[in-house]
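Trainee: Could we go through this one together? I'd like to pick out a few residues and ask about them as we go.

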Amino acid sequence: MAPPSPPDQTTGRVATAVLSCPDASVSTSDKLTVLKTRKDFLRAARARRQGTPSMMVQARQRAEGGGSGIRVGFTCSKKVGNAVARNRAKRRLREAARAILPVQGKPGWDYVLIGRADATAQRPFEALKNDLATALCKLHDTAT
């Protein structure tokens, strides 16, 4: 994740955080923008969703004027555990998203990855990535 930039002097807003993909096979122009506002999470919650053993994936196609990149958000409820457990689960979700979304995600879509109690933190990382890839395939198959 890029270091935070100072707020814009005219609007007082901080720039959106951007996740870069460390995978060498993906071009450096493919970047994941992180969802930050509650309304973006709520919009994704009203859209398609696909459950897997390790996470719930919500996906929505943005309107034409909503931008072209892939945006992603991460969340874990208190059912996952204390703050340490939730942060660990979100770190694993972030890494899986960095590896899978630039390849299988679609530009112009928002994705929210929701961690599951015990499963997100305990599942082997390759299985976590496979779960995300499977969910994306199912979500996009129903989209067309």
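Trainee: Let's start with Gly81: is Gly81 buried, partly exposed or exposed?

Mentor: Keep in mind that this is a predicted model. Gly81 is partly exposed, because its relative accessible area is 24%, and partly exposed covers the range between the buried limit of under 20% and the exposed limit of over 50%.

Trainee: Okay, and where is the place of Gly81?

Mentor: Gly81 sits in the loop that runs between β5 (70-75) and α2 (83-104). In space, its C-alpha is 8.2 Å from the C-alpha of Asp118, although 37 residues separate Gly81 and Asp118 in sequence.

Trainee: Switching topic, what about Leu132, buried or exposed?

Mentor: Leu132 is buried, since its relative accessible area is 0% and buried means under 20%. This leucine, Leu132, belongs to helix α4, which spans residues 125-143.

Trainee: Which residues does Leu132 touch, leaving out those up to four places away in sequence?

Mentor: With those left out, Leu132 touches Met55, Val57, Ala96, Ala97, Ile100 and Leu113. You can also look at Leu93, which is 39 residues from Leu132 along the chain, with 9.0 Å between their C-alpha atoms.

Trainee: And which residues line the second largest pocket?

Mentor: The lining is made up of Met56, Thr75, Cys76, Ser77, Lys79, Ile114, Gly115, Arg116 and Ala117. By type, four of these lining residues are nonpolar, three are polar and two are charged.

Trainee: How much space lies in that second largest pocket?

Mentor: The volume of the second largest pocket comes to about 160 Å³.

How values were computed
Residues are numbered from 1 along each chain as its sequence is written. This is a predicted model: local features need pLDDT of at least 70, side-chain atom pairs count only at pLDDT 80 or more; totals for chains, interfaces and linings use all residues. Side-chain values use heavy atoms; hydrogens and water are left out. Helices (H or I, at least four residues) and strands (E, at least two) are DSSP runs, numbered from the N terminus. Buried means under 20% relative accessible area, exposed over 50%, partly exposed in between (1.4 Å probe, protein chains only). Contact means heavy atoms within 4.5 Å. On a 1 Å grid over the protein atoms alone, a cavity is a set of points where a 1.4 Å probe fits but cannot get out, and a pocket is an open set with protein on both sides within 12 Å along at least five of seven lines; lining residues have an atom within 4 Å of a point. Grid points are joined across faces, edges and corners, and a volume is the space filled by probe spheres set on the points. Ala, Val, Leu, Ile, Met, Phe, Trp, Tyr, Cys and Pro count as nonpolar, Asp, Glu, Lys and Arg as charged, and the others, Gly among them, as polar.
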